[in-house]
Amino acid sequence: MDIVHYLAMTAAEIGADPPLPSKIAWMACHFSPYSAGLSNCPRQLPPGSLLILNDFSPIHGHSPEVVADQLRSCVDTLNCSGVLLDFQRPGNAETAALAQYLSGVLPCPMAVSSLYAESLSCPVFLPPVPAQTPVPEYLAPWQGREIWLETALDAVTVTLTEKGASFAPLPRADSAPNDFRDENLHCRYRITLSQDRAEFLLYRAREDLATLLQEAGKYGVTTAVGLYQEWVEKA
């Protein structure tokens, strides 16, 4: 199935007046430090944009009703296609209660990060597929649910020694002409050998993510969200 791919943009990035991607996501609404509701809500977005609420500023006594009213107002006024609750602070009872409440009252599709999705029936938002993990294996725990997937050009170094394998994530890796490509993992890699170890650098380029999403669509992924700055400025 065709996956809708949103690129998340800040107000500053939108204000720089670049050619906008066909689908953008607002990054992001926050829990206000001064009220029971939200701050940094958008005033203008192209129709069909995705609205993101994150917990970069932690929730603390905020009103679910006020938050819901503000999100509904944005969705209705700006004709947003959906809401993404990108909650990354684990184990917060207020966050869990808000996610449950919003899943029942918002008038549009809504996804919530995997930290808070288990008890809900709405779509789940997953982190990027690690470069060393096959797509079916990574998505298997969430089969039967609609999945929204984060995309990123992350990399990982896998070091093999007589003691086993160790993994070290990297923000990104630059491609080289002689790098190999693994079609099953949708990644590229290079190998460095020394006397006591072998190091594998695994990474993805934009073209690899395109084929990854084609496969992911077979396993319940309907929506993808990546960073504008990564896809457009550095890709």
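Ala, Val, Leu, Ile, Met, Phe, Trp, Tyr, Cys and Pro count as nonpolar, Asp, Glu, Lys and Arg as charged, and the others, Gly among them, as polar. The views below show a predicted model.

**View 1. The cavity and its lining.** The structure holds one cavity of 30 Å³ or more. Its volume is about 30 Å³. Seven names make up the lining of this largest cavity: Val129, Leu149, Glu150, Thr151, Arg204, Leu209 and Leu212. Two elements, β8 (147-150) and α5 (206-216), each give two or more residues to this lining. Sorted by class, the lining has four nonpolar, one polar and two charged residues.

**View 2. The largest pocket.** About 300 Å³ of space lies in this pocket. Its lining has 19 residues. Nearest the pocket centre lie Asp86, Gln88, Phe125, Glu150 and Leu227. Four strands each supply at least two lining residues: β4 (50-54), β5 (82-86), β7 (124-126) and β14 (221-227). Strand β14 gives the most, with three residues. By class, eleven residues of the pocket lining are nonpolar, five are polar and three are charged. Find Glu150 again here: this residue is among those nearest the pocket centre, and it also lines the largest cavity.

**View 3. Strand β14 and its partners.** Strand β14 is mostly covered, with six of its seven residues buried. Strand β1 (residues 4-9) runs parallel to β14, and five bridges join the two. Look for tyrosine 6, whose bridge partner in β14 is valine 225. Strand β8 also pairs with β14 in the parallel sense, over four bridges. On that side, glutamate 150 has valine 225 as its bridge partner in β14. Valine 225 is thus a partner of tyrosine 6 and of glutamate 150.

**View 4. Helix α2, end to end.** Helix α2 (residues 64-78) has 15 residues. At 1.5 Å a residue, the helix should span 21 Å. Its end C-alpha atoms are 21 Å apart, so the model agrees with the expected span.

**View 5. The two sides of helix α2.** Which residues of α2 are buried? They are Val67, Ala68, Leu71, Cys74, Val75 and Leu78. Seen down the axis of α2, these buried residues fall within an arc of 130 degrees, so they line one face of the helix. The face turned away from the buried side carries the exposed residues Asp76 and Thr77.

Methods:
Residues are numbered from 1 along each chain as its sequence is written. This is a predicted model: local features need pLDDT of at least 70, side-chain atom pairs count only at pLDDT 80 or more; totals for chains, interfaces and linings use all residues. Side-chain values use heavy atoms; hydrogens and water are left out. On a 1 Å grid over the protein atoms alone, a cavity is a set of points where a 1.4 Å probe fits but cannot get out, and a pocket is an open set with protein on both sides within 12 Å along at least five of seven lines; lining residues have an atom within 4 Å of a point. Grid points are joined across faces, edges and corners, and a volume is the space filled by probe spheres set on the points. Buried means under 20% relative accessible area, exposed over 50%, partly exposed in between (1.4 Å probe, protein chains only). Two strands pair if DSSP finds at least two bridges between them. The expected span of a helix is 1.5 Å times one less than its number of residues. The arc is that of the directions from the helix axis to the C-beta atoms.
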